[in-house]
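Me: I am new to this one and would like a friendly walk through it. Could you show me the structure, and then we take it piece by piece?

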Amino acid sequence: PHDYHKIGQPALIGGSMGTESWVICGTDKAMTDTFGSTCHGAGRSLSRSASMRELDSTSVLKRLTLNGIQVRCAKLSALAEEAPESYKDVSAVVQTCADAGISIKVARLKPIAVIKG
């Protein structure tokens, strides 16, 4: 949009339910090198089925709660598939994009609550 021409298009980059997310801004370099694209999130390091097989939802809930994150979920078993360790390190992913010059880090967002349907 025209309003963002001077500063770059803002984007929200999601982490996992136990890690930070980011607000970033696009760059002119991204427009020429990557068709205006950057990362879209942390990306999975474990498939959903591997997460369910290898992780314990009760332990995930306990860790999130100990980190001050409020959790509400319809089924406890669903927490394992979205556990923080099921995803890559979002800060490293965002830093890679910043180092490549295709985005600028604006703000790191700390999770305070998780709602899992």
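Me: Leaving aside neighbours within four places in sequence, which residues is Ser51 in contact with?
Reply: Happy to start there! This is a predicted model, in which local features need pLDDT of at least 70 and side-chain atom pairs count only at pLDDT 80 or more, while totals for chains, interfaces and linings use all residues. Residues are numbered from 1 along each chain as its sequence is written, and side-chain values use heavy atoms, with hydrogens and water left out. With contact taken as heavy atoms within 4.5 Å, the partners of Ser51 are Arg44, Leu46, Ala80, Glu81 and Ser86.

Me: Is Ser51 buried or exposed?
Reply: Ser51 belongs to helix α2, residues 48-54. Buried means under 20% relative accessible area, exposed over 50% and partly exposed in between, using a 1.4 Å probe and protein chains only. The relative accessible area of Ser51 is 0%, so Ser51 is buried.

Me: In what order do the elements of the chain run from the N terminus?
Reply: Helices (H or I, at least four residues) and strands (E, at least two) are DSSP runs, numbered from the N terminus. The chain has 4 helices and 5 strands. Read from the N terminus on, the order is β-β-α-α-α-β-α-β-β.

Me: Which strands are the edge strands of the open sheet?
Reply: Two strands count as paired if DSSP finds at least two bridges between them. The open sheet has 3 strands in the order β1-β2-β4, with antiparallel pairing. Pairing on one side only marks the edge strands, β1 (10-13) and β4 (103-109).

Me: Which residue in β4 does Trp22 stand opposite?
Reply: Strand β2 covers residues 21-26, and 6 bridges join β2 to β4 in an antiparallel run. Across from Trp22, in β4, stands Arg108.

Me: At about what angle to β4 does helix α4 run?
Reply: Helix α4 spans residues 90-99 and lies across β1, β2 and β4. For the angle, axes are lines fitted to C-alpha atoms, for helices over the stretch in contact, and angles run from 0 to 180 degrees between N-to-C directions. Helix α4 runs to β4 at about 155°.

Me: What share of the contacts with a separation of 6 or more comes from residues 24 or more positions apart?
Reply: Let's finish with the whole chain: of its 117 residues, 35% count as buried. Its C-alpha atoms fill a box of roughly 45 × 25 × 20 Å along the principal axes. Among contacts with a separation of 6 or more, the share from residues 24 or more positions apart is 72%.
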